[in-house]
Amino acid sequence: MTNSLEIECTALKVARHKIERVGCAYFNARRQIGDANGVERSDSDEKLAGAGEDVDISYLKSLDPKEWKDQDHYSVLGLGKLRYEASDDDIRRAYRRMVLLHHPDKRKAKGEEVITDDDYFTCITKAYEILGTSKTRRSYDSVDPEFDDAFPTQTDIDSNYFDSFNKYFNLNARWSEKSNVPPFGQVDAKREDVERFYNFWYDFKSWREFSYLDEEDKEKGQDRDERRWIEKENKTARIKRKKEEMTRIRALVDLAYNNDKRIQRLKQEEKDRKAAAKRAKMDAAQAQKAEQDRAVREAALAKEKAEKAEQKRIEQIRIEREQQKKVLKKERKTLRDKVKDCKYYAKNDKDQLKHMEGTEKICETFSLSELQALNKAMETKGRESFVAALHVAEKKIAAELEELNMAQQKKQANNMPKPGVKEVKKSELWSNENVQMLIKAVNLFPAGTAQRWDVIATFINQHCSGGSGPVTARDVLNKAKALQNSDHSKSTLKTQANEGAFQSFEKSKKEVQTTNDITLGESPAESKENHKQNGGDNVNNQQPQQQQPPQQQQLEPKLNGNAGSGPACAPTPTPSTNGIASKTWTKEEQALLEQAIKTYPTTTPDRWDCIAACIPNRSKKDCLRRVKELVELVNSKKEAQAAVK
């Protein structure tokens, strides 16, 4: 035992030292610090001085050890003010203090009567058992009777909102599993702080559990099944209370959120910001739409103006064409009437027939100005002008035929293979042997081989001894794709159908005799007599044409003349592939012809004139001839397919 001893002088304080008493001084000091009841105190008693609070002895005696769950364990140990803030050391010191004061042995030493089975010291021991262990203490703290589960009233919210909710949120923050709980804040809190606070409490994780309130102790069960049943009932009750606790926390947060003026201010700011952004977006969209509408209107006006101009131009061209056609028709009629009135300036029937055909040739070959000049000249010169015009028409026909023949010869010359270059057909290039070698090479050199198609082409050229010429990588690739995508059975049937169609067409077509003279509706004998009567010029003009090869004779164009307009003329023969060839129809002309046939039905008056007017550079006879050719071709194909089946 140590004590401080001061040695003083009347004039000056010299020193202060701590000394340890021994012997009689020790016992004298121990008796002095004994309590008034004569209980001796040790050094541990000094250390426990000030630990906890003085507990009223009457409160302790009123406790029932059998109802230990209903007692306030913190108050029993004298820690009613500290409660959950008390540390483990505080609890241990308070318990030791209560033991020194209220242990039955000490009370018996003082002469107090103690009933062992019903003594209040059992409650002190039970309080320390619960608070001295972290698990049982947390269980008791979860149901601390001093904790206030209530919410602030509406009066407190209206009068002092922030202080009220600061208090209740600080109380409930003790249940948080996370240590850093954001503060509630004041009216001037920032947006980030307010959002962090409510995010934390809306995702609040509580460690509060209610096992202390279990009605039954599973250890009291007589067997395993009973203990399991007790544990199940206790677990159900805990889950229910936990759910009610989380509902309470959520209700507290909702109450604060709904009455928080900061949230109202932030919502209004967000609403204003969105409204401003929406207005800006709408203004931009309206401006863009107005600009687009303006551009569309301008484009529509420009298009409408261009369409009107184009329609006007087309209408003007149509009117001019109609007028020109009318004038040309009038001039032709005038020519025919004049020649007819003069009996075609013929000396006999043969001359009359020839001049009738010549009249149609002149009408078809002469332009409007030439017809007008001829009609004017025939008023004075008569036969001389007509004969001269007939010779001019024949020369024009001969020149046109010569031009077509030259074009055909030039085309044939371009198609002729160059000297020194051997032309190899695809059928000869890919013989059966080459195809088999290709299949073998494709299997030998699978996909992924470097320069695969070049390697395959080299392999085929090395192992094939055919005289069809070397194959290239491009040829190999195209043939491989064709073999991969083709259906050999279908391709064979297609070839047979095409051959049958051609044979049927060859059998069904009419054989028309081809002559160099463009004279329709007369026999060859009559044609020869007309040649002799027309003199040497006509013979000389026909001799070069007779010496032309048959291929060129088939390519001579058939003019758009109305051969045989008189009563004595023969009917015009039907055009065919062996007759005089006409100008090839293009895809555009074919499409226009189909559209015109759909537009003008058979009930339309002058139907073929209207159809011919829709197709540039084509006459009525060209359209009729084309339709007839298409009908014959379709019928031939149907017959061939029926024969194959």
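**Exercise 1. N199**

Is N199 buried, partly exposed or exposed? Place the residue and give its spacing to P182.

Solution.
- The model is predicted.
- Start with the element: N199 sits in helix α11, which spans residues 191–202.
- Next, take the accessibility. N199 has a relative accessible area of 49%.
- The partly exposed class ends where exposed begins, at over 50%. N199 is therefore partly exposed, at 49%.
- Finally, the spacing. Along the sequence, N199 and P182 are 17 residues apart. From C-alpha to C-alpha, N199 and P182 are 9.9 Å apart.

**Exercise 2. The second largest pocket**

Describe the volume, lining and chemical make-up of the second largest pocket.

Solution.
- Volume: the second largest pocket holds about 710 Å³ of space.
- Lining: 21 residues line the second largest pocket. Nearest its centre lie K69, S211, Y212, D214 and D217.
- Class: 14 residues of this lining are charged, four are polar and three are nonpolar.
- Helices: at least two lining residues come from each of α7 (121–131), α8 (134–142) and α12 (224–259).
- Domains: domain 1 (26–34 + 38–142) and domain 2 (154–259) each give at least three residues to the lining.

**Exercise 3. The buried face of α26**

Which residues of helix α26 are buried, and why do they line one face?

Solution.
- Helix α26 covers residues 607–614. Its buried residues are R607, I611 and A612.
- Look down the axis of α26. The buried residues fall within an arc of 130°, so they line one face of the helix.
- The general rule behind such a pattern: an α-helix has 3.6 residues a turn, so residues three or four places apart point the same way.

**Exercise 4. Aromatic pairs**

How many aromatic pairs are there? Classify Y74 with Y140, then Y161 with F165.

Solution.
- The count comes to 26 aromatic pairs.
- Take Y74 and Y140. Their ring centres are 5.9 Å apart and their planes are at 45°, so the pair is tilted.
- Locate both rings: Y74 is in helix α4 (residues 73–76) and Y140 in helix α8, so the pair ties together parts that are 66 residues apart in sequence.
- Check burial. Y74 counts as buried at 0% relative accessibility. Y140 is buried too, with a relative accessible area of 1%.
- Now take Y161 and F165. Their ring centres are 4.9 Å apart and their planes are at 55°, so this pair is tilted.
- Y161 and F165 are four residues apart in helix α10 (residues 161–172), which separates them by about one helical turn.
- Y161 counts as buried at 8% relative accessibility. F165 is buried, at 0%.
- Ring pairs carry Y161 and F165 into a cluster. Among its other members are F162, F169, F184, W201 and Y257.

**Exercise 5. Positive phi**

What is the sign of phi at Q451 and at N617? Give the setting of each residue.

Solution.
- Recall the background: most residues other than glycine have a negative phi.
- Q451 is not a glycine, yet its phi is positive, about 50°.
- Q451 lies in the loop between α18 (432–444) and α19 (452–463). Its relative accessible area is 61%, and Q451 is exposed.
- N617 is not a glycine either, and its phi is positive, about 65°.
- The loop between α26 and α27 (620–644) holds N617. At 68% relative accessibility, N617 counts as exposed.

**Exercise 6. E215 and E231**

Where do E215 and E231 lie, and how are they exposed? Add one C-alpha spacing for each.

Solution.
- E215 lies in the loop between α11 and α12. With a relative accessible area of 71%, E215 is exposed.
- E215 and I230 are 15 residues apart along the chain. Their C-alpha atoms are separated by 8.9 Å.
- E231 belongs to helix α12. E231 is partly exposed, with a relative accessible area of 29%.
- E231 and K218 are 13 residues apart in sequence. In space, E231 and K218 are 6.1 Å apart, C-alpha to C-alpha.

How values were computed. Residues are numbered from 1 along each chain as its sequence is written. This is a predicted model: local features need pLDDT of at least 70, side-chain atom pairs count only at pLDDT 80 or more; totals for chains, interfaces and linings use all residues. Side-chain values use heavy atoms; hydrogens and water are left out. On a 1 Å grid over the protein atoms alone, a cavity is a set of points where a 1.4 Å probe fits but cannot get out, and a pocket is an open set with protein on both sides within 12 Å along at least five of seven lines; lining residues have an atom within 4 Å of a point. Grid points are joined across faces, edges and corners, and a volume is the space filled by probe spheres set on the points. Ala, Val, Leu, Ile, Met, Phe, Trp, Tyr, Cys and Pro count as nonpolar, Asp, Glu, Lys and Arg as charged, and the others, Gly among them, as polar. Domain bounds come from an automatic or database domain assignment. Buried means under 20% relative accessible area, exposed over 50%, partly exposed in between (1.4 Å probe, protein chains only). The arc is that of the directions from the helix axis to the C-beta atoms. Rings of Phe, Tyr and Trp (its six-membered ring) pair if their centres lie within 6.5 Å; planes under 30 degrees apart count as stacked, over 60 as edge-to-face and the rest as tilted.
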